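Biologist: Please show me the model. I want to ask how its labels are earned.

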Amino acid sequence: MLTLLAKLLSALNSESSTRQISLAIALGFIVGLSPLLTLHNIAILFLVLFLRVNIGAFILSLGVFKGLSYLLSSLIISIGESLLTSESLQLMFDALYQLSIFKLAHLHHTYTLGALVLGCVLAIPLYFICNFLIEKYRLHIKAFFEKFRIVKALKSSNFYRIYCQVTGQGALS
């Protein structure tokens, strides 16, 4: 876990694009909300591996949002249930249920459908919020925190040594 956190801090402090980190967090949000072995999660995993996104940020956000999904499970189920029982969408879901890919995707389950819809709807603003926050972090907060004594103490700790190994800096500064 320390190595994963070090990789995220390394990505935040590096010159890599804020969009790559934000996209990794947004995709980790979608995957984290829904059940792990679903068709759309496998597609998102291939998308993560195909695009240049930060894998450490993706895995860390997946873990964080998987924990958050337990807190949001009643909301997720109610969204899925309201979509599946909606009279106006009934004919569409009846037609989709006849397709094997729909059954394979498990979108006839309230939790899976609710998590996918909630994840896709909230992933877009989450991407822009993360992008904004990472830019502000790099601009203001990083320089501000480096002045504190605790940061200087952390730089002499084992965590910072792991961080230096991950970033390839090698020596302590």
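The talk below turns to aromatic rings, burial and one helix.

Modeller: This is a predicted model, where local features need pLDDT of at least 70, side-chain atom pairs count only at pLDDT 80 or more, and totals for chains, interfaces and linings use all residues. Residues are numbered from 1 along each chain as its sequence is written, and side-chain values use heavy atoms, without hydrogens and water.

Biologist: How many aromatic pairs does a search of the whole structure find?

Modeller: Three. Rings of Phe, Tyr and Trp (its six-membered ring) pair if their centres lie within 6.5 Å; planes under 30 degrees apart are stacked, over 60 edge-to-face, the rest tilted.

Biologist: Why is the pair of phenylalanine 29 and phenylalanine 65 called edge-to-face?

Modeller: The centres are 4.9 Å apart and the planes stand at 85°, so the pair is edge-to-face. Phenylalanine 29 is in helix H2 and phenylalanine 65 in helix H4, 36 residues apart.

Biologist: What makes phenylalanine 93 and phenylalanine 102 a tilted pair?

Modeller: Their planes meet at 45°, with 6.2 Å from centre to centre. That angle is neither under 30 nor over 60 degrees.

Biologist: Why does phenylalanine 29 count as buried?

Modeller: Buried means under 20% relative accessible area (exposed is over 50%, partly exposed in between; 1.4 Å probe, protein chains only). Phenylalanine 29 has 6%, so it counts as buried. Phenylalanine 65 is buried too, at 13%.

Biologist: Where is the kink in H8 centred?

Modeller: On tyrosine 137, with a kink of about 45°. The bend at a residue is the angle between axes fitted to the seven residues ending there and the seven starting there.

How values were computed: Helix = DSSP H or I, 4+ residues; strand = E, 2+ residues; numbered from the N terminus.
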